[in-house]
Amino acid sequence: MVLSALGDLRKCLEFAEEIGNVEYVDGADPHLEIGALYELSLQEERPPVIVFRNIKGFPPGHRVAVNVRSSKVFDGGEEGLEKVQVYRKHRRKKSDPIPPVIVTQGPALENVLEGDKIDVSAFPAPKWHEDDGGRYIGTECLVIVRDPDSDWVNLGTYRVQVHDAKTLAVFIEHGKHGDVIRRKYWERGKHCPMIVTVGQSPVLGAVGPATPGPNVSEYDIAGSRIGRPIEVIKGMHTGIPFPADAEIVFEGFMPPPEEVAVPEGPFGEWPGYYASSTRPEPVLQVKAIYHRNDPIIVGAPPMKPTLPAFHQGTSGSSYIRAAALWDELEAAGVPGVKGVWKMAGGGPRFINVIAIEQQHAGHAKMAGLVAAGCGSNAYLGRIVIVVDDDIDITQPAEVLWALATRWDPKTQTDIIDACWTGYIDPVIEPERREAHDLTNSRIIIYAVRPFAWKDEFPKVNVVSPKYADEMRRKWNGKLSFLTRTKDR
């Protein structure tokens, strides 16, 4: 049932209801109220799916669903690094991709609107945060483009703002795949064909923000995840394939910004700030809307990364990105990697912790330098911490202890300049932001026993695991605290 829910949004919501993990909200206002209730739900480690229906000012059947992928529906009970390993297993399936299959019919074609019937504002796009510059219909959306030099169809997740009845503003950071592809069209003097979907299966919602590498279609990865091809329909105007069961699809073309650009933002982003401000951004000029009857917008707007659902529960993309970084470290030949973790408070990118079993001189530096610059971790990083494998990297206190006792700031630190960042980076000065100088520095901290004398490093003052197990066996059932600590 879980696999079926992963491949079908409506089955996912049905399953959430069956297990008692969905709450319905009637009559909420898309102006701030939906966003506020969503943020409050993230105070729980594992928030329920929330379906907003009978939304103020919109037809009763139009709905907004949040917490779709972060609810208990897809929670297998794994914790910590075990959960990261689950995502690594999913990533390995890209080596056995299942390409999409083109069909001519599907639920997305229940309503097809063109010409004067196009009205983007007819759907309940929320104003999620108090200081947002407008209504954002795309938060967990798919922005779909095709590389003009190949058959590569790329799916990305970028924020999408409603501008007017026939125009969407799409914010894509410089260097992202969607940006690279659209610039190829602009360099040829063409408008970039583009499709935006704002309600799709959870598996597509998961692969949209992933980083599988160039020339790898997220459709293929999604198919491998669910064991069957994703059914897609070719757009009438662009020929770009979109999911046949998508809830709402916007098809059109994006002119170069020199030709058409509109004010976009500000928007509260995942670092927890309104860093990208308001700036002219390219637009999608909508030529067709396809939507299901009673469509569902899937929302996953970014929120402050210190909320419990992000750093303790199942929400956010930290597990996915930790899995990607672990894979890339091993692919680069870094031996002895025992764990990769995204530390609480840093969101999915800022604070990366890597545990290694040191095998040779320079091993820690090798791991740190690869982590600071590899594909999945190159954009908007800040801190890389390398620790020994006796550190539980899922526990902030353990990591801080390693920093306090094994790290010499003068001799065990690297600072790397001119790294890739973006407009949403809050520490970029206004002058550099306006000059499009989108680079930052990274710190790599080697909080490990120095390899040259690691065997002489002071011994840790702790009960040995072997003796601790002996004590548990001896006193089991007689002391309640042993039961509470047996799995630590």
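Biologist: Which residues have the most contacts inside the largest nonpolar core?
Modeller: Bear in mind that this is a predicted model: local features need pLDDT of at least 70, side-chain atom pairs count only at pLDDT 80 or more, and totals for chains, interfaces and linings use all residues. Residues are numbered from 1 along each chain as its sequence is written, and side-chain values use heavy atoms, with hydrogens and water left out. A nonpolar core is a set of buried Ala, Val, Leu, Ile, Met, Phe, Trp, Tyr and Cys residues joined through side-chain atoms within 4.5 Å, and buried means under 20% relative accessible area with a 1.4 Å probe, protein chains only. The largest core has 46 residues, and the ones with the most contacts inside it are Ile137, Leu168 and Phe250.

Biologist: How many residues does the other core, lying apart from that one, have?
Modeller: Trp270, Val353, Tyr423 and Leu438 are among its members. This core is separate from the largest one, and its residue count is 44.

Biologist: Is valine 262 buried or exposed?
Modeller: Valine 262 sits in strand 15 (residues 262–264); strands are DSSP E runs of at least two residues, helices H or I runs of at least four, numbered from the N terminus. Leaving out residues up to four places away in sequence, valine 262 touches (heavy atoms within 4.5 Å) His163, Ala169, Arg279, Pro280, Glu281 and Val283. Because its relative accessible area is 9%, valine 262 counts as buried.

Biologist: In what order do the four strands of the open sheet run?
Modeller: Pairing takes at least two DSSP bridges between two strands, and in this sheet it is mixed. Strand 2 (residues 49–53) and strand 3 (residues 63–66), for instance, are antiparallel over three bridges, with phenylalanine 52 opposite valine 64. The four-strand order is 1-2-3-18.

Biologist: At about what angle to strand 18 does helix 2 run?
Modeller: Helix 2 (residues 9–18) lies across strand 1, strand 2, strand 3 and strand 18. Axes are lines fitted to C-alpha atoms, for helices over the stretch in contact, and angles go from 0 to 180 degrees between N-to-C directions. Against strand 18, that gives about 75°.

Biologist: Within what arc do the buried residues of helix 10 fall?
Modeller: Those of helix 10 (residues 363–373) are His363, Ala364, Ala367, Gly368, Ala371 and Ala372. An α-helix has 3.6 residues a turn, so residues three or four places apart point the same way. The arc is taken over the directions from the helix axis to the C-beta atoms. Down the axis of helix 10, the buried residues line one face, because they fall within an arc of 160°.

How values were computed:
Buried means under 20% relative accessible area, exposed over 50%, partly exposed in between (1.4 Å probe, protein chains only).
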